[in-house]
Amino acid sequence: MSETRVHLSKTEPAAYQALDAFSKTVGQICAANGIDDRLKEIVMIHCSQLNGCAYCARIHVDRAVAAGIDTDTLTQIPTWRESGVFSERERAALELAEAFTFIAEDGISDEVYDLVGGVFTEKEYAALSWACVSINAFNRIVIAGRYPVPARAPQAQA
C-alpha cells in the first residue's frame, strides 16, 4: 500500500477537526454514562479490525494497554464469540460493534437490539452507539487515505 492518496485530514482540516471534536464529545458521553475506557477501547479495536483499519487498530490497542487491558484479552477480540475472557457487557458491546460496522447488511436487527438493550441502559446503549459511529467514521477516512502504519522500532528487552 505505498500509493499516496488524498489525506483528508490535511486537505480539509476543518472537517477533520470537527470529527475529532465529535470524538472527544463521544468520549465524554461514554464516561458520563458508565462506559469505561476498557469497554470503549475493546469496541474501538473491534470496529477497526472489522474494517481492516490498521492505523486505528494500533491507536486503540495503545490506548487499551494504557487502560490496563492485558495482551491475552487483546488477542481474543477477533475471536470473542469463542473466547471466555469477555464479560456479558463486553460481549454485548462487541455484538453492537459488529452491527454498527456492518449496518448496511442488516441494520441493527431486533435480535441485536434486544440483546444489547437487555444488558445496557438506554444511556449506555446510546454512548456505545455513538462510539461505534465515531470509530467507523475515522476508519473510513484513514482507509480511503491509506494512512501509513510503519513498523515500530524494536523495544529493548528488560
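The two exercises below, each with a worked solution, concern the pocket lining and the cysteines of a predicted model.

**Exercise 1. Describe the largest pocket: its volume, the residues nearest its centre, the helices that line it and the classes of its lining residues.**

Solution. Begin with size: the volume of the largest pocket is about 350 Å³. Next, turn to the lining, which is made up of 18 residues, with Ser 23, Ile 59, His 60, Arg 63 and Phe 138 lying nearest the centre of the pocket. Then assign the lining to secondary structure: at least two residues each come from α2 (13–32), α3 (37–51), α4 (54–66) and α9 (122–145), and among the contributors α2 gives the most, with six residues. Finally, sort the lining by class, which yields nine nonpolar, five charged and four polar residues.

**Exercise 2. Determine how many disulfides the model contains, and examine Cys 47 and Cys 53 as individual cases.**

Solution. The cut-off comes first, since a pair of cysteine sulfur atoms counts as a disulfide when the two lie within 2.5 Å. For Cys 47, the closest cysteine sulfur belongs to Cys 132 and is 4.2 Å away, which is too far for a bond. Accessibility can be added to this picture: Cys 47 is buried, its relative accessible area being 0%. For Cys 53, the nearest cysteine sulfur is that of Cys 56, at 3.5 Å, and Cys 53 is in no disulfide. Cys 53 is likewise classed as buried, because its relative accessible area is 2% and the limit for buried is under 20%. The count for the model comes to zero disulfides.

Technical notes:
Residues are numbered from 1 along each chain as its sequence is written. This is a predicted model: local features need pLDDT of at least 70, side-chain atom pairs count only at pLDDT 80 or more; totals for chains, interfaces and linings use all residues. Side-chain values use heavy atoms; hydrogens and water are left out. On a 1 Å grid over the protein atoms alone, a cavity is a set of points where a 1.4 Å probe fits but cannot get out, and a pocket is an open set with protein on both sides within 12 Å along at least five of seven lines; lining residues have an atom within 4 Å of a point. Grid points are joined across faces, edges and corners, and a volume is the space filled by probe spheres set on the points. Helices (H or I, at least four residues) and strands (E, at least two) are DSSP runs, numbered from the N terminus. Ala, Val, Leu, Ile, Met, Phe, Trp, Tyr, Cys and Pro count as nonpolar, Asp, Glu, Lys and Arg as charged, and the others, Gly among them, as polar. Buried means under 20% relative accessible area, exposed over 50%, partly exposed in between (1.4 Å probe, protein chains only).
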